[in-house]
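Visitor: I would like to learn how to read a model like this one, step by step. Could you take me through it, beginning with a single chain and then going on to where chains touch?

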Amino acid sequence: MELSGEIQLSATADEIWKTLNDPVALQRCIPGCTAIDRKDSNTFLTTIRIKIGPVNTQFSTLLTVIPVAPPTRYSLTGEGQGGSSGFAKGTVNIELKANAAGTLLGYRSQILIGGKVAQVGSRLLTATAKKWVRQFFDTLAAVINED
Amino acid sequence: MSDSLAVLMGESEISLTVNGESVSERVPVRRNLADFLRLDLGLTGTHVGCEHGVCGACTIRLDGRIVRSCLILAIQTDGKRVDTIEGLSDDGHLEDLQAAFHARNGLQCGFCTPGILLTAAELIETHPDANREQIRVFLSGNYCRCTGYHAIVDAIESVVRSGQEKREP
Amino acid sequence: MKAPAFGYIQPKTVDDALECLQQHGSDATVLAGGQSLMASLNMRLSNPAVLIDINDIDELSGINMVENRLRIGAMTRQAELEHSTLVSQHAPLITMVIPHIAHPAIRNRGTIGGSIVFADPAAELPACMVALNGQMVAQGPDGERRITATEFFQDLFETALADNELLTAIEIPVADENQRFGFRELTRRHGDYAIVGLCASSDWSSDDLTELRLAYFNVGPRPILAEQTASDICRNWRQEQNGMSLDRLDGELDPPDDLNATSAMRVHLAKVLTRRVLKEWRS
């Protein structure tokens with residue numbers, strides 16, 4: 001599924017890039033993230049607990065933050081394994097445009113969810129994915145506005 | 001904290017009545033009642049189909065009422081009464097229904113049959129004057145892949161009819 | 001598939017259950033009727049560390065009158081509600097709705113509290129609570145609180161119940177003789193989750209419709225109370241016959257597309273169901 005949107009942030013592109021690379025900030029932004037470890041300069045290993053309705057399971061996810069064309073274009077990719085529950089793969093393409101109030105962040109995400117979660121939880125998926133993507137960026141805005 | 005709040009892990013002892021007999025077993029905490037009946041007690045008349053409550057093949061009686069044995073943990077039946085197809089058949093409880101199913105060809109492979117008989121028995125107990133529509137509604141939670149249901153409804157209807165005839169003065 | 005391993009506790013009182021919730025937090029899941037949770041465990045969609053089985057807590061069951069309210073314990077089995085004369089007298093909408101929930105064997109174990117806390121958008125009981133303006137009674141470490149149905153159901157499988165709280169009862173204002181109720185749902189087979197459903201509660205003054213609550217389900221992440229549509233219908237009741245325009249519903253409902261129906265089809269079906277209920281009331 002594809003999800004896209006825009007969010008206004010009161011920060012510069014550089015500050016946003018720094019936050020996207022900060023594991024502490026990322027853990028706060030990613031819904032259900034209970035642990036995060038940096039593997040190398042752009043990669044993190046995260047544990048995400050998903051608890052919605054019938055689904056209550058842990059996904060271990062490899063998250064990569066890619067500077068596509070800094071300071072304006074970035075990409076976040078994640079690949080998660082949920083054991084016997086299924087898997088999820090996603091890419092979020094981010095575009096940053098400077099404006100008077102700071103930076104306008106535009107995102108376009110593609111998420112693929114497969115395995116049992118998708119088969120049985122198909123009613124959940126679009127609504128939940130939309131919610132998570134929105135939550136990620138809302139929290140990102142909150143984290144950035146704090147600094 | 002009181003004892004009842006200690007977390008049970010692994011296995012636990014349970015004591016219950018199954019088909020009128022006292023049973024005591026040590027079972028894994030995660031084992032459901034259907035698997036307990038089949039694996040621990042050898043009562044394989046209760047069948048496992050979907051394991052998520054929709055097909056009805058695992059239907060048994062718990063404290064006198066039909067339930068899905070795949071959706072109950074064995075440890076939850078401690079101190080309770082369970083009746084399966086074996087017990088209800090042996091004690092003659094399902095005699096009329098079984099005869100009707102034979103007469104009307106209400107079963108082919110037999111996989112759904114124990115669940116259907118138990119459900120039909122509860123229907124007749126609670127709705128002794130059920131019509132065909134009510135029979136179909138009550139049985140809507142039991143899937144049959146062989147018969148197309150019509151013969152099953154015929155069989156149950158015939159038992160309802162003879163029950164009505166017996167009650168007539 | 002078989003359920004994964006978990007720890008199991010069976011508290012005997014509400015206080016003990018709350019103690020367990022405090023202790024185990026988000027690692028624990030409450031086991032009520034088990035008709036949804038056990039399925040989820042068997043399919044390994046769910047992997048909680050601890051199950052808190054509340055089936056042995058007597059104080060959670062029972063149907064009683066409390067002043068002018070009907071109080072139903074959260075662990076009351078759906079089958080018990082189906083056959084209760086107190087319920088058919090004082091909350092007849094529940095009596096209308098229950099036979100449409102799954103199948104008899106499920107209803108013998110499933111509980112009203114479990115259905116409400118699980119908050120499946122396609123479930124009947126949450127919409128029923130919204131139509132009846134019911135109150136959810138929750139108990140937590142800080143005591144008891146009441147949450148109105150419209151505030152209780154917040155989002156997809158999300159309610160206002162905190163992680164350390166237990167839903168103990170539901171309270172519904174007693175129906176009076178000036179009220180009528182309606183229920184319709186569209187399913188492919190009897191007992192299926194509804195494609196679209198409607199729970200309705202209305203107040204009358206002789207032949208005049210004075211108040212209306214239309215609670216639709218499976219039209220979004222939670223039951224939707226269509227307030228504008230309802231007030232339109234009340235305002236136009238005397239003039240319009242069956243040609244009642246329900247265009248407001250287009251703005252109040254924003255259902256998802258899925259395998260069963262598109263968003264537009266769901267809105268259309270919601271209108272069909274509404275007309276059926278209204279027609280029933282006119283006759």
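Guide: Before we begin, please keep in mind that this is a predicted model. Let us start with chain B, which has 169 residues, of which 44% count as buried.

Visitor: How many helices and strands are there in chain B, and in what order do the elements run?

Guide: Chain B has six helices and five strands, and if you follow the chain from the N terminus you meet them in the order β-β-α-β-β-β-α-α-α-α-α. The C-alpha trace of chain B spans about 60 × 35 × 25 Å along its principal axes. Of the contacts in chain B with a separation of 6 or more, 58% are between residues 24 or more positions apart.

Visitor: How should I describe two helices that pack against each other?

Guide: Two packed helices are described by the angle between their axes and by the distance between those axes. In chain B, the axes of helix α3 (residues 95–104) and helix α6 (residues 150–167) come within 8 Å and cross at roughly 135 degrees. An angle of that kind makes α3(B) oblique to α6(B), and the crossing of the two is right-handed.

Visitor: Which residues make the contact of α3(B) with α6(B)?

Guide: From α3(B) they are B:Asp96, B:Leu97, B:Ala100, B:Phe101 and B:Arg104, while α6(B) contributes B:Ala151, B:Asp154, B:Ala155, B:Ser158, B:Val159 and B:Ser162. Sorted by class, this contact of α3(B) with α6(B) has six nonpolar, two polar and three charged residues.

Visitor: How do I read a place where two chains touch, and how many residues of chain B and chain C take part in their contact?

Guide: The size of an interface is often given as the accessible area lost when the parts come together. Here we can count residues instead: the contact takes 30 residues from chain B and 34 residues from chain C. On the side of chain B that touches chain C, the elements giving two or more residues are β4 (65–68), α4 (113–126) and α5 (132–138) of chain B, and β4(B) gives the most, with four residues. The residues on that side of chain B divide into 14 nonpolar, 11 polar and five charged.

Visitor: Which element of chain A gives the most to the side that touches chain C?

Guide: In that contact, 19 residues of chain A meet 17 residues of chain C. At least two residues each come from β3 (43–52), β4 (55–69), α3 (116–120) and α4 (122–146) of chain A, and α4(A) gives the most, with five residues. The residues on this side of chain A divide into seven nonpolar, nine polar and three charged.

Methods
Residues are numbered from 1 along each chain as its sequence is written. Chains are lettered from A and ligands numbered from 1 in the order in which they are written. This is a predicted model: local features need pLDDT of at least 70, side-chain atom pairs count only at pLDDT 80 or more; totals for chains, interfaces and linings use all residues. Two residues are in contact if their C-beta atoms, placed from the backbone, lie within 7 Å. Ala, Val, Leu, Ile, Met, Phe, Trp, Tyr, Cys and Pro count as nonpolar, Asp, Glu, Lys and Arg as charged, and the others, Gly among them, as polar. A residue is buried if 20 or more other C-beta atoms lie within 10 Å of its own, exposed if 12 or fewer, and partly exposed in between; C-beta atoms are placed from the backbone. Axes are lines fitted to C-alpha atoms, for helices over the stretch in contact, and angles run from 0 to 180 degrees between N-to-C directions. Angles under 35 degrees count as roughly parallel, over 145 as roughly antiparallel, 65 to 115 as roughly perpendicular and the rest as oblique. A crossing is left-handed if the near helix is turned anticlockwise from the far one by less than a right angle, and right-handed if clockwise.
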